[in-house]
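Biologist: I have this structure open and would like a close look at one part of it, namely the side chains that pair up by charge. Could you walk me through them slowly, and then show me what else is worth a visit?

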Amino acid sequence: MPLAATTPTLGYAWRTLSVVSLASVLTGLGGSAINVALPEIARETGADATAASWILLGYQLTTTVLMVVFGRLADLFGRRRMYLLGLATYTAAALLAGLAPNPWLVVAMRVVQAAGAAMLLTNSAALVSDAFPRERLGEGMGVYVASFSIAGLIGPTLGGVLAESLGWRWVFWFNVPIGLICLLWGSLTLRRTAPDRRDGGLDGPGSLLVLLTLGGLLLALSEFTRLGWGHPLVLGGAVLFLLGLPLFVLRERRAPHPVVDMSLFREPSFAFGSLASFLNAVARMGMVFLVALYFQAVRGDDPVQAGLKVLPLAVAAMTASVISGFLQRRFGARTLAVAGAATTTCGLAVMMAVMSTTMPYAAVAAGLVLIGLGSGVFLPANNTAILDGLPSSRLGIVNAMRLMLQNTGNVVGTGMVLSILVAPLPAALHQQVFAGTLGLLSGEAVGQLVTGYRWALGTMAAVSVLTVLTCLARRRAT
């Protein structure tokens, strides 16, 4: 079959966007549904606090570590091939996760599912950037980011309904028919393009160092509140991170085909944009999970009720994402990124201020709307600012690096928030938090959990302020 021409045409661009957006809805639905259904999964599988948290953390860590590897492979062997393989892997792993007989096999299948998601995520924005004409890229990126908001809109309620009515296994199994539809549509739509092997090669040692460094950091962050900093497992994770980070930097400076191309950080747009992406992910990561868990563990709601109560965030994010692409023509991507980060900060501050055992839902909804509007504006604007103007041969690896740093923020943010959240509670009660049954115990325990919520939201708000400052620094530097 002849290879596709490299000149973007608008018809093909929108068809490509439909493939990418459908797959983004698929992966987004899976993540947001599990955020709400996690207490049900923990109860039904008998997962302790560690296993329950690693159902989330294992997925995020694996996605982060493999993203740059698959970005390099996509540049070498073609984004179409990598994208379709990712869809097949994600769908098969979802089927097997629903068949898992115990929580740690669920974690294992989530790791395999994360490998498929990494193939998809590392290529999604690159496919959109490569397909759209430069002057229309903002619109395409806005719709692409909005697809995650659509998943965020449907996923929490869907996860609650499936877990409550059909059982936790269907939280995974519903992915299978959607995945097969995505695979068929992608096979028919995406064009084969000529891969660029001029700068080929993989950095195996660098990829291993990413795994050890991030894995060590995540292990320490997720377990120190339960085990204490003096526990060998926590100390070992901290040592892995502290030793692995400088070794990774030294390796990448000398590697012929580095996992992270350090030279890109000399460009202010990429350096500040990637840092802003990392900080924004730390600040907002897990918001759906936090709010859904609050209503189940503190208020005693069922998964369906909790899922419905997080909808304002997704509605606001979807609306802002679609509008953001058109606003970029008027105000510019960098300006909108500042505005989006500032709005997210305001939403987190509102949530922290009203957090209590009896906070009115109107106040919760207002905070969620602000966070959703901010995220919906920031993400497409920041993505456009980083990717616009890059040559096609570099889109895969640059987008993978951007996503790796963003997902590193997801991993760090999740580990940090989960640890801070349960820090005021005795270790014996941590499992009740993740099972959503803490509200059945004493009022003192619930009060301690609310204190943990205030600490977590305050930390997220402080990190969001750093995101605003980073975006302002980029505007001045560029």
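**A close look at the salt bridges**

Modeller: Happy to! Please keep in mind that this is a predicted model. The structure holds 2 salt bridges, and we can take them in turn.

Start in helix α1, which covers residues 10–45. Here the side chains of Glu 40 and Arg 43 come together in a salt bridge, with 2.6 Å from N to O. The two residues are separated by about one helical turn, because they sit 3 residues apart in that helix. Their surroundings can be described partner by partner: Glu 40 is buried, at a relative accessible area of 11%, while Arg 43 is partly exposed, at 36%. The cut-off to keep in mind is that buried means under 20% relative accessible area.

The other pair joins Lys 309 to Asp 301, and the closest N and O atoms are 2.7 Å apart. In this pair the acidic partner, Asp 301, counts as buried with 15% relative accessibility. Lys 309 has a relative accessible area of 23%, so this residue counts as partly exposed.

From charge, let us turn to a polar side chain. Thr 62 lies in helix α2, which spans residues 49–77. Thr 62 is buried, and its relative accessible area is 15%. Its side chain reaches back to the backbone oxygen of Gly 58, at 2.8 Å. Leaving aside residues up to four places away in sequence, Thr 62 touches Val 111, Ala 114 and Ala 115.

Next, rotate to the surface. Leu 208, Leu 211, Leu 212 and Leu 240 make a nonpolar patch of about 320 Å². Helix α8, residues 204–227, gives the most to this patch, contributing 3 residues. Leu 212 is found in that helix, α8, and is partly exposed at 36% relative accessibility.

Finally, a word on cysteines, since you may wonder about crosslinks at the bench. A disulfide is a covalent bond between the sulfur atoms of two cysteines. A search of the whole structure turns up 0 disulfides. Two cysteines you can look up are Cys 346, which is partly exposed with a relative accessible area of 44%, and Cys 471, which is buried at 1%.

If you want one view to return to, choose the Glu 40 and Arg 43 salt bridge: a buried Glu 40 meeting a partly exposed Arg 43.

Technical notes
Residues numbered from 1 in each chain as written. Predicted model: local features only at pLDDT ≥ 70, side-chain atom pairs only at ≥ 80, totals over all residues. Heavy atoms only, no water. Disulfide = S-S within 2.5 Å. Buried < 20%, exposed > 50% of the residue type's maximum accessible area, 1.4 Å probe, protein only. Salt bridge = Lys/Arg side-chain N within 4 Å of Asp/Glu carboxyl O. Helix = DSSP H or I, 4+ residues; strand = E, 2+ residues; numbered from the N terminus. Patch = residues over 30% accessible without salt bridge, like charges linked within 9 Å, V, L, I, M, F, W, Y side chains within 5 Å. Areas by Shrake-Rupley, 256 points an atom, 1.4 Å probe, with all protein chains shown as cover. Polar contact = N/O pair within 3.5 Å; in protein donor to acceptor, adjacent residues only side chain to side chain. Contact = heavy atoms within 4.5 Å.
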